[in-house]
Amino acid sequence: MSTPNWVGAPANSETDIGTRIFKLAARLFPVCRSITGSGVRETLGVLGQHIDITRHEIPTGTQVFDWVVPSEWNICDAYVKDGSGRKIISLAESNLHIVSYSNPIHRIMPLSELKAHIHTLPDQPDLIPYRTSYYSEQWGLCMSHNAFLALADGDYEVLIDAEKADGHLTYGEYLHEGATDKEVLLSAHICHPSLANDNCSGLALLTLLAVAMRSRKTHYSYRFLFAPGTIGALTWLARNEDRVERIKHGLIVSCVGDGGGPTYKRSRQGNAIIDRAMESVLCSGGRQAIMQDFSPYGYDERQYCSPGFNLPVGLFQRSGFGTFPEYHTSADNMTFITPENLALSFRMITEVIDILETNWTPVNLFPKGEPQLGRRGLYASLGGDKSTGQTSMAFLWVLNLADGTHSLLDISLRSRLPYPDIFHAAQLLQAEGLLRSGSYANAKH
Amino acid sequence: MSTPNWVGAPANSETDIGTRIFKLAARLFPVCRSITGSGVRETLGVLGQHIDITRHEIPTGTQVFDWVVPSEWNICDAYVKDGSGRKIISLAESNLHIVSYSNPIHRIMPLSELKAHIHTLPDQPDLIPYRTSYYSEQWGLCMSHNAFLALADGDYEVLIDAEKADGHLTYGEYLHEGATDKEVLLSAHICHPSLANDNCSGLALLTLLAVAMRSRKTHYSYRFLFAPGTIGALTWLARNEDRVERIKHGLIVSCVGDGGGPTYKRSRQGNAIIDRAMESVLCSGGRQAIMQDFSPYGYDERQYCSPGFNLPVGLFQRSGFGTFPEYHTSADNMTFITPENLALSFRMITEVIDILETNWTPVNLFPKGEPQLGRRGLYASLGGDKSTGQTSMAFLWVLNLADGTHSLLDISLRSRLPYPDIFHAAQLLQAEGLLRSGSYANAKH
Amino acid sequence: MSTPNWVGAPANSETDIGTRIFKLAARLFPVCRSITGSGVRETLGVLGQHIDITRHEIPTGTQVFDWVVPSEWNICDAYVKDGSGRKIISLAESNLHIVSYSNPIHRIMPLSELKAHIHTLPDQPDLIPYRTSYYSEQWGLCMSHNAFLALADGDYEVLIDAEKADGHLTYGEYLHEGATDKEVLLSAHICHPSLANDNCSGLALLTLLAVAMRSRKTHYSYRFLFAPGTIGALTWLARNEDRVERIKHGLIVSCVGDGGGPTYKRSRQGNAIIDRAMESVLCSGGRQAIMQDFSPYGYDERQYCSPGFNLPVGLFQRSGFGTFPEYHTSADNMTFITPENLALSFRMITEVIDILETNWTPVNLFPKGEPQLGRRGLYASLGGDKSTGQTSMAFLWVLNLADGTHSLLDISLRSRLPYPDIFHAAQLLQAEGLLRSGSYANAKH
């Protein structure tokens, strides 16, 4: 291993990075995305102003494992007008009003018929729900339950000026090339419309992470993937089936702008390096996180962790999907996410990348007893205090476990000390000639 | 594996089965049982009205491992009369009044001498305790502490018209023959007198379970054993030593009529299929049970789990022995158990049998990514809801873990979903061509 | 294995042993110890009145792994006088007043200069802290914060009449010879001045334990080591490097006179026999202890558990170092420790030694079913009680686990019954011909 040329998140620019992620998320927020169509392309266009995204267009009808690439869906306008001509629902007002991938319709119908196509949240009567109908033929609308209750009898004009037709499924990729072709997959779904946390936050964070990595030389290559949920991940897997073994670590990133969690769902493997690195970042040095074992419901980790692939891909979120009241409602808007929370999420992912890039296995060259740290200026000169500081503890842990079977990540997990503390202690001990630079711990990956 | 011809407990007849078990227990309750003698035979006679029990009579003096079959004990009458001739204790009133297997006596004695032979429960002064003296020569009586305190000075006539003589130890067996001679052992002790939960409930439940199984074709043969505690189990083991390896799973059943627990004590093996099946039944789908590791005190699992046999036999109870105040007292009567509780216990055991009979290891034929469930009508058509239903989760769990190393029981335990949900999901997925019917998971047993 | 000639702590003499340890600790308390010098020799002289200690003198400058034996430090007098000639600090009053291993000085200086060399405890303003400066050249004083705040402006005469010069590092050893040259290491640090719990208590306890063992024949040889912290352990390891593999079990003993804990920190191995024996002694039969995994900060287990040695050496304490407010202050005096607490600590260590000496692996000669204990007088004759006694449980556990794979220590840990109960049950069962005396369980160690 050669010492990497970068270690540690850019702490002094955290506010800045948070603000930049937030602003990018704000630009993405109004776009009416679905699993196919112009909304996806428009989103990739915005991201492409920051990084050089490769866009892939897969024709409708293409077989993708057990699935078929669906029709392309585009929507021009949608509204519901009451008898007086007043728009009570309007795409222009909120693209959540229309069930995503809804069939088109333009008809006048009585309230009774209209009601059967309207979805509301009776328990959250002020919020518009987010609903989809990707793989069945229906049309539908969403509105707040209060507005729904206020609908008067009479006829309504319903317009959903949408088209489902042969076209393409679109996804984007950006590859940060490292010294090897071993890859770290970082993926965010691009199919949700105006939901800020889920997943404008993930799209924006990963894009600006890719920007931040441009100036960095890395061991791994980093593949950033922006694709529609489920069908996008399946399409990417189908088209990259023979290269999939290059992926040594991976994260699905979503809901990273709120103040909850952090939440990490382990890969199906359960004890992969990415799982252990996440535990070190999220659970050491007093941090507390919600750590979940893999389950087959969630985001695209479902596909990467299917038994035929079983890739080491976990899911990183702040609040877990489905656990916060704003989830999949109009309350998941730009007031729900903040630059500070985005910056912290960015930092956590950066810390995980630091571990992937820098982990090595030290060998203590003075394994019999402790070497004398005080003589080398690595230990407090005055004794008798109740406890030793975290810095000294990092030295002691590294030396004690540097028997060639523990990587720095192992030592961080065992000691519950932050990886950066362990890493810096090991660097200093190595510089003092107390450690031999052992193998690159992730080398086999 | 061929799909079994029965799966699932008879939910719609639950009240009925509970009532029938209760009535049978009520018929058993008054009988004065001990480890040998006419009480055991009378009990087997009652059970024999339901199933075709094979009765075994083992002569007194037969060597049974380290033990010897004891004398046969029969009691005709017993009472204590005070000076006025009033019966203050009477076998007719409660057979708990006489220490089980007590020596005979007929003498007039002063209160001071009588007292040394009377057992009471000072902390439960209204209850008569249940006491035994199987392997030592003594006579004794039991009464409520309050009645004991009220005894006046004076002489008392004590009669225990019992006989210990050469005879036989009696036990009964019923075999439900399955497709193989691999056996499931279901055993209830038959030696306790008028105690409803311990163990009229177990005797009655197993008998009616045997009845219910008559119409069912099974993979395993089911051996129902009704034998006196300890010496009965030892005798059965000694006489079946060369066939003991046929027993692949087993349950001791007692105290199954009260509303506590459920309680399951694992076999000495600790992780046998019966232990895992019990965990699935008792701890999935929100059920909560008291799960105990094996310990060498309890019922006849002590003998089956002795190191020379180490059979996969656990103990199923509702309230655990010794943990409920009615235990081994006159309060363990027919008011302490209910048809509802008996029906639930019956259902739980039936669910375990379902697992033993039907468990198999699925192999996902579409292991790369998820197969498209929606197209097959196995998934909700409208997306966006906070959570997926239990049915969908069962599909997802089965598909994700169907890599040939997880049986349906494994998947139930891992997902914490009820085994029936997992089983039905697997059947539907198999019918859709998504799963290959893998090996019969319990085949090697 | 032959039955050892002693088992069980001397319960009837506990008050006596506690008093004797306390008195010896009281004799050690006033001595001004440091890592080298006359204080260590004086302490070994006191201990040498009880056991025949071998004293080792290692010259200053001797290389010890990465360390060098430091100069010998001796102090004759020390005080600070105020302008009126009153001694506000005095070695005679408390040897905690002088930073241990302080450089000499004799000067008059203003308060401002003096203050920079004074250490206090603002949060415990009545107590004098204990501070050391072993490996850096400085002088310092310690006093209560209240006295510090009361210091008037003006000039002070500061005298530390100490000498650092070529000399020796001193440590003492006592070997109790057993039947084999396999060793149990019992070590207490000898470098702390007037601190009663840390570690007059450990020095005194181990000395009187050595006395108590003189009359006992043992399997192991017991090495008692009284050496200064860190440099003493390192020196011993360096001089015994080729014999270190003889050490099969070991304990560092400190802070054994207060009423806290008990606290046991496991060896780096984590599951060594000493770790398991300690768990049996401290956590069975209702005892509750603080069990800690190894960490590389603490006492001399740091050296014995360094990766180049990785010996099975744990740390036994009552209150853990750094966790009690008296730690490293003048409040750790003879009023903080009691004969009763010392006696209990003595008993616990003795119980661990009992396990090391007597552990064996029983084989049940009647493994099919339970043997009939009642016939042999090993079981209650009256049945029906809610629970069986601890004695019966010990019989049942031993018989059930006596399959040749469980030692008595294993059985104690599994059953949570005290090892002595398990041991005595096994002895009785063996005497009854129910067990075969299996292998000596610690034989390979």
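**Entry 1: the loop at A:Asp403**

I began with A:Asp403, which I found in the loop between helix 10 (390-401) and helix 11 (408-415) of chain A; the model I am reading is a predicted one. I then asked whether A:Asp403 is buried, exposed or partly exposed. With a relative accessible area of 30%, A:Asp403 counts as partly exposed, because partly exposed covers what lies between under 20% and over 50%.

Which residues does A:Asp403 touch, once its neighbours within four places in sequence are left aside? I noted A:Pro362 in chain A, together with C:Arg268 and C:Pro307 in chain C. I also looked up A:Val363, which stands 40 residues from A:Asp403 in sequence, while the two C-alpha atoms are 5.4 Å apart in space.

**Entry 2: chain C against chain A**

The contacts of A:Asp403 with C:Arg268 and C:Pro307 led me to look up the two chains as a pair. I recorded 32 residues of chain C in contact with 28 residues of chain A, and an area of about 2600 Å² buried between the two chains, of which 50% is on carbon and sulfur atoms. On the side of chain C, the residues that lose the most area to chain A are C:Asp66, C:Pro296 and C:Tyr297, which together make up 26% of what that side buries.

**Entry 3: how the copies are related**

I next superposed the copies, bearing in mind that two copies of a chain are related by a rotation about an axis and a shift along it. What turn lays chain C on chain B? I noted a turn of 120° with a shift of 0.2 Å along the axis, leaving an RMSD of 0.1 Å, and this is the relation of a three-fold axis. For chain C laid on chain A, I wrote down a turn of 120°, a shift of 0.1 Å along the axis and an RMSD of 0.1 Å. In chain C, the C-alpha nearest the axis of this second superposition belongs to C:Asn271, at 13 Å from it.

**Entry 4: the open sheet of chain A**

I traced an open sheet of eight strands in chain A, in the order 1-10-12-11-13-16-14-15 and with mixed pairing. Its edges are strand 1 (54-59) and strand 15 (290-292) of chain A, each of which pairs on one side only. Ignoring direction, I find neighbouring strands of this sheet turned by 20° against each other on average.

Within the sheet I followed strand 11 (residues 183-189) and strand 12 (residues 221-227) of chain A, which pair in the parallel sense over seven bridges; among the bridge partners, A:His189 is matched with A:Ala227 in strand 12 of chain A.

Two helices of chain A that lie across strands of chain A went into the notebook. Helix 2 of chain A lies across strand 1, strand 10 (168-176) and strand 12, running at about 20° to strand 10 of chain A. Helix 9 (residues 339-358) of chain A lies across strand 11, strand 12, strand 13 (247-253) and strand 16 (313-317), running at about 150° to strand 16 of chain A.

Which residues of helix 2 (residues 38-47) of chain A are buried? I listed A:Gly39, A:Val40, A:Thr43, A:Leu44, A:Val46 and A:Leu47. Seen down the axis of helix 2 of chain A, these buried residues fall within an arc of 155°, so they line one face of the helix. As a reminder to myself, an α-helix has 3.6 residues a turn, so residues three or four places apart point the same way.

**Entry 5: further strand pairs in chain A**

I also looked up strand 9 (residues 155-165) of chain A, which pairs with strand 4 (residues 72-81) of chain A in the antiparallel sense over nine bridges; here A:Val80 has A:Val158 as its bridge partner. Strand 9 of chain A pairs with strand 6 (residues 105-110) as well, again in the antiparallel sense, over six bridges, and in this pair A:His106 stands opposite A:Leu159.

**Entry 6: the open sheet of chain C**

For chain C I noted an open sheet of eight strands, in the order 1-10-12-11-13-16-14-15 with mixed pairing. I followed strand 14 (residues 263-265) and strand 16 (residues 313-317) of chain C, which run antiparallel and are joined by three bridges, with C:Leu315 as the bridge partner of C:Lys265. Finally, I recorded that helix 5 (residues 196-213) of chain C lies across strand 10, strand 11 (183-189), strand 12 and strand 13 (247-253), running at about 145° to strand 11 of chain C.

Note on methods
Residues are numbered from 1 along each chain as its sequence is written. Chains are lettered from A and ligands numbered from 1 in the order in which they are written. This is a predicted model: local features need pLDDT of at least 70, side-chain atom pairs count only at pLDDT 80 or more; totals for chains, interfaces and linings use all residues. Side-chain values use heavy atoms; hydrogens and water are left out. Copies are superposed by least squares on the C-alpha atoms of residues with pLDDT of at least 70 in both. Two strands pair if DSSP finds at least two bridges between them. Helices (H or I, at least four residues) and strands (E, at least two) are DSSP runs, numbered from the N terminus. Contact means heavy atoms within 4.5 Å. Axes are lines fitted to C-alpha atoms, for helices over the stretch in contact, and angles run from 0 to 180 degrees between N-to-C directions. Buried means under 20% relative accessible area, exposed over 50%, partly exposed in between (1.4 Å probe, protein chains only). The arc is that of the directions from the helix axis to the C-beta atoms. Buried area is the accessible area (1.4 Å probe) that two parts lose on being put together, summed over both.
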